[in-house]
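This report introduces a protein structure to a reader who has not seen it before. The sequence and the structure are shown first, and selected features are then described under short headings.

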Amino acid sequence: MIALAGALASPLGGGASLMRRPTTLALSIAVGFAGGALLGAFAFEMLPKAAQHASLPVAVGGFAAGLLMVYALDLFVHRGASAGEKASQRDRVLRLRRRQRSRGDEVTVLAGGTSAEELIEGLTIGVSAATDATAGLVVGLAIVIDNFSEALSIGDLVLEKGGERPARRILFWTGLIGAALFTSAMAGWLLLRDLPPHMLGLLLATGAGAMFYLVVTELVPEAESHQYQQSAAIAMAAGLLTIFSLSRWSAG
């Protein structure tokens, strides 16, 4: 049920952006809250459970492996190089991208990359539920919030770019994201739940590393780029405290 909720959150977020295009303040709050919720999920549930079921070295190694895996995906999407706006290497990276044909427009790169990332998040839901029911609920809830906010961002970007049939494009991409999450979540639950506890702990830590990379490279910059009066930071703190409170309440 939590996997289904996460899957439906994406097209619902896309539909919400069509009904009323989100303001920059609303995007800042939504994306910031989602980033805080994901930070809380892997800090208070995923990593502690990974260390408990495996060991501290395995949890640390799994976290690093997950981070590097999504970093490799990021490099693939960006043609092997990326740089911040104020980086001294920015001009060299831009020249490199101009020499190579794009893998798609900005919407395609964002939504396609998000769909690939949903495979990781879906597996994380399945493995979390197999490890501990509470962990599955907390991680799943954080991903529900994340998917809704990401769909709002995709919808806003499609509307900003214009073009033909924006509604169809928004619902296609957000529906694909939801399907990727649900499929991988069920695969994680059905195929991986009988693994030994130390393997489940390793996979849980790997999912935590992947989610950490997504939060610090995508959600935090996106939320800050729309912030007003540090709305992103406040929303992120609220999301983290929400997951922390839920985690402690369920443990008690």
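## Methionine 46 in helix α2

Methionine 46 is part of helix α2, which covers residues 24-53. In this predicted model, methionine 46 has a relative accessibility of 0% and therefore counts as buried. Leaving aside residues up to four places away in sequence, its contacts are Ala41, Thr124, Val139, Leu204, Gly207, Ala208 and Met211.

Glycine 35 is 11 residues away from methionine 46 along the chain, and the C-alpha atoms of the two are 15 Å apart.

## The course of helix α2

Helix α2 has 30 residues, and at 1.5 Å a residue these should span 44 Å. The C-alpha atoms at its ends are 42 Å apart, which agrees with that expectation. The helix nevertheless has a bend of about 35°, located at phenylalanine 42.

Helix α2 also holds a salt bridge between lysine 49 and glutamate 45, whose closest N and O atoms are 2.9 Å apart. The two residues are four places apart in α2, so about one helical turn separates them. An α-helix has 3.6 residues a turn, so residues three or four places apart point the same way. Both lysine 49 and glutamate 45 are buried.

## A salt bridge between distant parts of the sequence

The structure holds two salt bridges. Besides the pair in α2, arginine 21 forms a salt bridge with aspartate 156, with a separation of 2.8 Å between the closest N and O atoms. Arginine 21 is located in the loop between α1 and α2, whereas aspartate 156 belongs to helix α6, so this pair ties together parts that lie 135 residues apart in sequence.

The partners also have unlike surroundings. Arginine 21 is partly exposed, because its relative accessibility is 41%. Aspartate 156, at 10% relative accessibility, counts as buried.

## Helix α1: length, kink and cover

Helix α1 runs through residues 2-19, and its 18 residues should span 26 Å at 1.5 Å a residue. Its end C-alpha atoms are 25 Å apart, in agreement with this value. A kink of about 25° is found in α1 at alanine 9, shortly before proline 11.

Which residues of α1 are buried? They are Ala3, Gly6, Ala7, Ala9, Ser10, Gly13, Gly14, Gly15 and Ser17. Alanine 9 thus appears both among the buried residues of α1 and as the site of the kink. The cover over these buried residues includes α6, residues 133-161, and α7, residues 166-192.

## A nonpolar patch on the surface

A nonpolar patch on the surface is formed by Met1, Leu4, Leu8, Leu12, Phe148, Phe182, Met186, Trp189, Leu190 and Leu191, which together have about 1000 Å² of accessible area. The elements that contribute two or more residues to this patch are α1 and α7. Helix α7 supplies the largest share, namely five residues.

Leucine 8, one of the patch residues, is found in helix α1. Its relative accessible area is 44%, which means that leucine 8 is partly exposed.

## Threonine 206 in helix α8

Threonine 206 is situated in helix α8. With a relative accessible area of 17%, threonine 206 is buried, because the cut-off for that class is under 20%. Not counting residues up to four places away in sequence, threonine 206 touches Gly62, Phe63, Ala65, Gly66 and Met69.

## The loop between α8 and α9

Glutamine 229 lies in the loop between α8, residues 197-225, and α9, residues 231-251. Glutamine 230 is located in the loop between α8 and α9 as well.

What is the phi of glutamine 229? The angle is near 55°, a positive value in a residue other than glycine. For glutamine 230, phi is likewise near 55° and positive. Most residues other than glycine have a negative phi.

The two glutamines can also be described by their accessibility. Glutamine 229 is exposed, with a relative accessible area of 60%, while glutamine 230 is partly exposed, with 40%.

Notes:
Residues are numbered from 1 along each chain as its sequence is written. This is a predicted model: local features need pLDDT of at least 70, side-chain atom pairs count only at pLDDT 80 or more; totals for chains, interfaces and linings use all residues. Side-chain values use heavy atoms; hydrogens and water are left out. The expected span of a helix is 1.5 Å times one less than its number of residues. The bend at a residue is the angle between axes fitted to the seven residues ending there and the seven starting there. Buried means under 20% relative accessible area, exposed over 50%, partly exposed in between (1.4 Å probe, protein chains only). Contact means heavy atoms within 4.5 Å. Patches are made of residues with over 30% relative accessible area and no salt bridge: like charges are joined within 9 Å, nonpolar side chains (Val, Leu, Ile, Met, Phe, Trp, Tyr) within 5 Å. Accessible areas come from the Shrake-Rupley method with a 1.4 Å probe; for residues, only the protein chains shown count as cover. A salt bridge is a side-chain nitrogen of Lys or Arg within 4 Å of a carboxyl oxygen of Asp or Glu.
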